[in-house]
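Here is a short report on one protein chain and its ligand. Keep the sequence and the 3D view open while reading.

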Amino acid sequence: MKNKLSTKLFEEAQNYIPGGVNSPVRAFKSVGGNPIFIKRAKGAYLYDEDSNKYIDMINSWGPMILGHAFGPIENQVRKAIKDSFSFGAPTRKEVEMAKTICNIVPSIEMVRMVSSGTEATMSAIRLARAYTAKDKIIKFEGCYHGHGDSFLISAGSGAMSHGTPDSPGVTKATIKDTLLVPYNDIAALNKTIEANKGKIAGLIIEPVVGNMGCVLPNEGYLKAIREICTANEIVLIFDEVMTGFRLALGGAQERFDVTPDLTTLGKIIGGGMPVGAYGGKKEIMKMVSPSGPMYQAGTLSGNPIAMSAGLTMLKHLKNHPEIYANLDAAGEEIAHGLRKSIKEIGMDCTVNQVGSMYTLFFTKEQVTDYTTAKTCDTALFGKYFHKMLEKGVYLGPSQFESLFISDKIDKKLIKKILKANHSSLEELAK
Ligand code: PLP
């Protein structure tokens, strides 16, 4: 595999951009080597600066559920551009977007658009605090909710991969108000709530975790959390930035039949453009400025080009419910194939999968939380990552990420992915 041009660009990038990348998860720091610079993408494939072609298994970390450069989205974006790129005044498309989201996700009665998942989660916890007049929030170890100060404590994803789950720069005062609880542990949650009675404004959770690798909630776990939050007057926030419109049209809350008070969205909702949103019960959302006192704003919020991309994406998903059955089937076929190879080759690996999200963990433990995720052999994952890359499959460059299957991954591509996986594991076992 040639990567002369990528290497040259990375050398130059490091002079001007911290670490040469605009988001840490793009660096290859935890797997070794230099990042690949992408030139273009179409359907299931990424093409880099050196003209290498890869099957894309991260899909921009989730948004590209319909594959890259999806024709109808491209057309709507081209059309929208002709009417200018931003107005800073309300538009018809924002109303259409809000209506579409509220119709798809029943727990969302009102919604505010923002420009990233981080903005959505930061705003949602401020809103929970404003609504309850309480200060503390509960966050789960290994969950990632963007880079807001309150969340960079035992954070998953890039923070976990790069050994900085607690970031310097977050004040002690902020840390004091974030209560950490292990995922999938109801007893620990009850204990924390008991010790902080009447002080907890909100609980934020990834209903399926994507950010310590893919970790599923235990049977009944989310329903138990719902009951506990109701009993203790804690605002339940589902962070569905990853799972929204992915695990079902209505997200993880539809799949697991649990109704949160607030939901945060991002990724798919923007069809690849920078978009986020938070929404939920009218009674709570009415606190948001200008209808209420909780201030939150954004120059580019509800940007018309982003709304065109996102709306086209959501309409397509809504009109093609078969996409979710196909994605589920693809996810199951991949997970089955991975498990078969692990068994045949005798690797100490485990696979977690739900719908179109999955992770191959290099540990023999069942991965159910932060502690078990950390038992992974990350050095071995690094070797595996590079073997897959050489064979034309682009995975997330970290053990602690979920992979995302797009609608463009057909039977033929699944075979290719599984073949690359089998030979890579065989080579590692030698
Ligand atoms: N919440 C979750 C669950 C995420 O996975 C992410 C990003 O990966 C975020 C929030 C932050 O979103 P963004 O990167 O758009 O700020």
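The report goes from the whole chain to the ligand shell, then to single residues.

**Confidence and overall form**

This is a predicted model. It scores ipTM 0.99 and pTM 0.97. The protein chain averages a pLDDT of 96, and 98% of the residues score at least 70. Where pLDDT is low, the predicted coordinates should not be read in detail.

The protein chain has 15 helices and 14 strands. Its C-alpha atoms fill a box of roughly 60 × 55 × 45 Å along the principal axes. The radius of gyration is 21 Å; a compact globule of 430 residues would have one near 22 Å, so the chain agrees with that expectation. Of the 430 residues, 50% count as buried. Long-range contacts are well represented: among contacts between residues at least 6 apart in sequence, 73% join residues at least 24 apart.

**The ligand shell**

The ligand is surrounded by 17 residues. The closest are S116, G117, T118, G146 and V241. Which helix gives the most to this shell? Helix α4, spanning residues 117–132, does so with 3 residues. By residue class, the shell divides into 11 polar, 4 nonpolar and 2 charged.

**K267**

UniProt lists K267 for "modified residue: N6-(pyridoxal phosphate)lysine", in an unreviewed entry. In the model, K267 is found in the loop between β9 (262–265) and β10 (276–280). Is K267 buried or exposed? K267 has 27 other C-beta atoms within 10 Å, and 20 or more make a residue buried, so K267 is buried.

Leaving aside residues up to four places away in sequence, K267 touches G62, P63, G117, V241 and M242. Two of these partners tie back to the ligand: G117 and V241 are among the residues closest to the ligand.

**Backbone points to check**

A cis peptide bond joins S289 and P290, with omega about 10 degrees. P290 sits in the loop between α10 (282–285) and α11 (304–319).

Two residues that are not glycines have a positive phi: S51 and W61. S51 is found in the loop between β2 (45–48) and β3 (53–56). W61 lies in the loop between β3 and α2 (71–81). Their burial differs. S51 is exposed, because 9 other C-beta atoms lie within 10 Å and the limit for exposed is 12 or fewer. W61 has 22 such neighbours, so W61 counts as buried.

**L9 in helix α1**

L9 lies in helix α1, residues 4–16. L9 has 18 C-beta neighbours inside 10 Å; that falls between the limits for exposed and buried, so L9 counts as partly exposed. Not counting residues up to four places away in sequence, L9 touches F37 and E49. L9 and I405 are 396 residues apart in sequence; their C-alpha atoms are 28 Å apart in space.

**Burial side by side**

The table collects the C-beta counts for the four residues discussed above.

| Residue | Other C-beta atoms within 10 Å | Class |
|---|---|---|
| K267 | 27 C-beta atoms | buried |
| W61 | 22 C-beta atoms | buried |
| L9 | 18 C-beta atoms | partly exposed |
| S51 | 9 C-beta atoms | exposed |

Methods: Residues are numbered from 1 along each chain as its sequence is written. This is a predicted model: local features need pLDDT of at least 70, side-chain atom pairs count only at pLDDT 80 or more; totals for chains, interfaces and linings use all residues. A residue is near a molecule or strand if its C-beta atom, placed from the backbone, lies within 6 Å of it. Helices (H or I, at least four residues) and strands (E, at least two) are DSSP runs, numbered from the N terminus. Ala, Val, Leu, Ile, Met, Phe, Trp, Tyr, Cys and Pro count as nonpolar, Asp, Glu, Lys and Arg as charged, and the others, Gly among them, as polar. pLDDT is the predictor's confidence in each residue, from 0 to 100. UniProt positions are given in the numbering used here, feature names are shortened, and annotations may be inferred rather than shown by experiment. Two residues are in contact if their C-beta atoms, placed from the backbone, lie within 7 Å. The radius of gyration is taken over C-alpha atoms; the globule rule is 2.2 Å times the number of residues to the power 0.38.
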